[in-house]
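I opened my notebook for a quiet look at a new model. Here is what I looked up, in the order I went.

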Amino acid sequence: MRIKSLNNIITIKNIPFEIVEERVLRELRIPRIKTLKEMEEQNVAKFIKWAIDTAYTFIDGNGSYITLPLIHDEEKGVYIKEAPTIFEAPSIQKLLKECDYATLLLATIGPNLEDKVDSIKTDDASGAYYLETVGGWMADYITDKVDAFVEAEILKWGYGRTMRYSPGYGDWQLEVQQEILPLLKAERLGITLSDSCIMNPRKSVSAVVGWQKKG
Amino acid sequence: MKHEILERLKSEILILDGSMGALLQGRGLPNGYAPDLWNLERPKDILAVHQEYIQAGSDIVLANTFGASKIRLDEYNAYGKLKDINFAAVDLAKKAFGEKKGYVAGDIGPCGTTVAPFGELAFNEAIDIFYEQMKALVEAGADLIAIETMFDLQEMRAALIAANQVREIRDLPIMAHMTFTQDGLTDTGSDPDSVVTVLDGFNVDILGLNCSTGPEHMEPVIEKIAAATGTFISIEPNAGLPIMKNGVTIFPATPQEMAPYAEKFVDIGANVVGGCCGTTPEYIRLITERLKKKKPLERTTPSGTKICSRMNTVYLGEGHPFVKIGEKINPTGRKKFSEAIKEGRMDLVLAEARKQFEAGATALDVNVGVPLVDEPAMMAKAVVAIQNVVNLPLVIDSSYDEALELGMLNYPGKALVNSVNAEDEKIEAVLPLIKKYGAAVIALVAETEIPETAVARLKNAEKILKAAMDLGIPKENVVFDVLALTVSAMQKGSSQSLDTIRLIKQELGCATTLGLSNVSFGLPNRKWVHNTFLAQAIASGLDSAICNPMDEVLQNVVRGAALFTGRDNECKTFVAFEEKKEADRLAEESGEVTKKKVAETTAEKIYEAVLEGYRDNIAALTQEGLDEGMSPFDIFIEVMTPAIRELGDLFGARKKFIPHLVASADTMKRGVEVLQPLLEAAGGVESKGTIIMATVKGDIHDIGKNICCIMLRNFGYKVFDLGRNVPADDILEAAKRENADCIGLSALMTTTMMQMKVVIDEVKAKALPYKVVIGGAVTTKQFADEIQADGYGKDVGKVVPVVESVMEKASSK
């Protein structure tokens with residue numbers, strides 16, 4: 001038996017999803033209530049419902065991950081041989097200090113939702129705002145789904161997991177995505193990187209999870 | 001054909017073996033090396049492990065072939081030896097039994113990658129991979145096929161199709177195990193009932209679960225499986241949840257801790273018990289001791305037809321809730337819908353799926369038949385897309401067999417297929433597909449013509465059912481469409497449909513359905529006509545209908561009829577629904593009490609529209625105000641601006657939130673658009689200042705910034721929006737050109753936020769007369785201070801106060 005994703009890209013396509021009203025309300029910074037029905041301003045609720053219904057027709061959740069062995073070196077710190085410099089940031093060194101492996105992951109909701117946002121933003125700025133917000137949360141949601149597969153594999157081998165950490169957090173620069181994306185063959189998910197290291201589709205997430213020795 | 005092992009399972013508990021990998025590692029198998037290769041390289045070790053398990057009590061041993069399939073062997077450059085490895089494995093396991101009675105299972109693990117639509121491996125390729133290995137195992141003499149450790153139902157379906165194909169070489173029993181996590185679901189979210197529904201659809205002989213968790217987490221799953229099927233159940237738990245110790249994965253549960261669970265499993269309904277990761281012959285010895293005198297529990301399969309999606313099972317039949325199959329994913333007579341399908345767009349299909357789901361449909365009919373469209377490809381696309389947004393079982397509806405097949409192929413559940421009829425040609429084309437994909441089918445009780453009488457329709461039903469059962473499709477997988485005829489054209493036809501329902505129930509014991517809306521075709525007030533018929537049909541025993549779930553009358557009829565037909569035990573569903581409805585009504589009433597007084601004058605209505613964000617009628621209201629003689633300046637300054645200010649106060653008091661600000665800003669913008677030409681013609685509103693707005697270079701996010709622009713304009717600022725990805729030079733040039741007072745910068749990425757500093761540094765270095773305010777998801781007050789921004793807005797709600805404050809400070813200097 002071997003770790004399924006060890007040096008092996010696992011791709012997950014057509015990820016089923018549910019857009020939970022309560023989460024959308026939180027993303028829109030509306031506290032306490034759980035459903036749109038509870039909103040006093042039903043006209044605003046109607047717009048948000050439109051955004052949710054529209055998002056259902058435009059989200060295409062896909063992801064992939066790969067697990068790579070970590071090398072611990074007194075001088076160089078923690079690194080992977082495939083891209084020795086991507087974990088140089090102190091925060092990521094600390095995160096992976098007690099880990100044997102690192103899983104790099106990618107997730108995206110695809111380009112359709114943001115294309116829709118861009119197409120309506122001039123004539124329907126509020127609609128674009130609500131839809132963009134739903135899309136932002138759904139990118140996290142799809143990432144959580146991919147993360148769940150990673151976690152299952154980590155637990156299966158008796159490891160604990162670190163938190164999920166993304167380029168752009170703390171001192172871990174977005175530039176590392178220039179090396180992370182090729183390792184995951186990001187083009188298979190339709191993800192590319194701009195000169196300023198922004199992923200396209202925008203609603204995409206890259207991250208690392210460490211395989212931590214327990215105890 | 002009767003198989004000895006299955007005969008024995010009627011009266012005995014059989015014991016499986018335990019982990020192979022752990023024992024081989026003990027014999028020197030390197031970490032990460034393929035155990036399957038040892039069938040050829042270290043056969044004595046494989047033989048010895050099997051012998052240890054057989055001595056411990058195993059009646060069934062799994063040949064060492066878990067990873068002996070194409071993709072997995074390829075990783076070790078050993079694909080060329082696939083046949084030899086599988087043959088050697090079966091041979092060694094058989095040899096291990098010697099003269100002792102026992103069974104060798106050809107062990108099939110996951111194929112090594114994820115299968116479409118969830119993964120990239122084409123479904124048919126997955127079938128071929130499984131078939132290749134299973135064929136070798138059957139030819140090598142395996143007594144049964146054991147498919148194990150599957151985490152995705154779609155991959156399991158591919159394996160089962162392959163298994164049923166190798167049964168044509170030699171008939172042998174099939175055992176199929178899924179893997180469930182601690183939350184009682186598979187990794188891809190399937191619940192035990194849906195797993196059983198799919199597995200039973202393929203007529204597996206023994207089904208169950210293995211790996212991933214210890215015995216304690218398997219207990220509730222086994223309970224659910226036992227309640228859902230009469231099929232033999234097998235179980236192989238891990239020795240507890242794994243932990244990593246000294247660089248090695250270990251399983252902490254001892255044999256003594258594991259063995260009592262084996263007894264519990266049998267008491268719940270298990271027929272075969274063994275162990276998975278971490279278990280050794282000692283575990284099997286103790287389990288055997290506990291179980292050797294136990295007798296299997298007698299279980300029965302619940303009545304009715306079962307269909308399921310990947311994660312939701314629906315029953316059709318007597319005593320089960322009436323099934324509303326949503327009819328709306330159908331292009332017939334719908335131009336826009338047809339156009340979307342022609343263009344390969346799924347947005348309208350998905351919108352209909354969601355609407356019907358939210359309205360309470362229990363399954364969805366999927367028909368994408370548009371002339372000149374590649375219907376099979378479109379069916380595949382629709383089936384995949386719909387499953388992403390709703391978890392309802394699907395009814396795959398087409399008159400083309402190829403579309404039916406591609407629909408079933410892409411569906412990781414047990415579909416209901418619409419349809420077959422009594423024509424020989426149709427029976428020969430459709431029923432083998434139903435069998436192959438483990439689906440259920442709607443059978444129209446007609447041949448080329450619809451028979452007039454119920455008796456004649458029954459004969460057609462009998463013909464189809466016989467053909468199905470001859471192929472090995474159980475009668476539970478056939479649902480008869482009794483054919484509802486248009487009452488305005490054929491008044492006696494409806495009573496024949498009702499009689500057909502009764503006859504099919506009585507004579508065949510099968511579930512029934514019909515297409516409801518046909519009944520009322522051509523009549524006024526159609527809802528009442530077909531819903532009246534529906535009540536009669538349910539009373540006659542109808543189990544489901546293809547109908548419009550958005551029809552509230554229909555929903556009420558279904559809820560009411562369920563009370564009289566044994567479909568709503570103790571009226572619980574009906575009462576719960578009515579109670580919820582009443583609670584919603586009371587909540588709505590109490591909300592109304594707190595509502596503000598109704599706006600009466602046009603000015604009040606405009607004020608209210610801006611305050612509440614009633615954007616749809618603001619343009620008309622504004623025009624109405626102008627028509628009544630209000631000045632455009634008064635509407636803007638005396639009505640709209642105070643309204644948006646009050647909203648700002650409510651936002652500050654946390655009584656309104658960002659979505660309200662956004663809606664109101666958009667509303668006011670639409671109203672101002674009506675006023676704009678008039679305001680400009682009269683010299684314009686005095687500007688409160690000029691602001692350049694931009695998302696900085698490298699950043700392509702601008703939705704929040706766009707809202708900020710609208711808000712600032714609503715408050716009387718002259719705003720120049722430069723868009724996104726704007727270089728610092730362009731921003732400064734625009735500021736100079738427009739004689740700006742302020743620059744507003746937005747960034748959403750850590751990599752791009754430093755561009756804000758570039759702009760500010762330039763302003764400071766050249767002592768330019770602009771105030772710079774910043775905002776955006778990644779920015780903070782601390783960052784704003786560090787780069788010496790003049791103002792910072794956390795979100796769109798802060799933009800106006802921040803700009804006002806900055807401008808006020810500037811003017812007071």
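**Cysteines, then chain A**

I searched the whole structure for disulfides, meaning pairs of cysteine sulfur atoms within 2.5 Å, and found zero over all chains. A note to self: this is a predicted model, where local features need pLDDT of at least 70, side-chain atom pairs count only at pLDDT 80 or more, and totals for chains, interfaces and linings use all residues. Residues are numbered from 1 along each chain as its sequence is written, chains are lettered from A and ligands numbered from 1 in the order written, and side-chain values use heavy atoms, without hydrogens and water.

Why does Cys308(B) not bond to Cys510(B)? I found that the closest cysteine sulfur to that of Cys308(B), in Cys510(B), is 19 Å away, so it is too far for a bond. I also checked burial (buried is under 20% relative accessible area, exposed over 50%, partly exposed in between; 1.4 Å probe, protein chains only). Cys308(B) is buried at 0%, and Cys197(A) is buried at 2%.

Next I turned to chain A and counted six helices and nine strands (DSSP runs: H or I of at least four residues for helices, E of at least two for strands, numbered from the N terminus). Its radius of gyration, over C-alpha atoms, is 19 Å, close to the 17 Å of the globule rule (2.2 Å times the number of residues to the power 0.38) for 215 residues, so chain A is as compact as a globular protein of that length. I noted that 61% of the 215 residues of chain A count as buried. Along the principal axes, the C-alpha atoms of chain A fill a box of roughly 60 × 40 × 30 Å.
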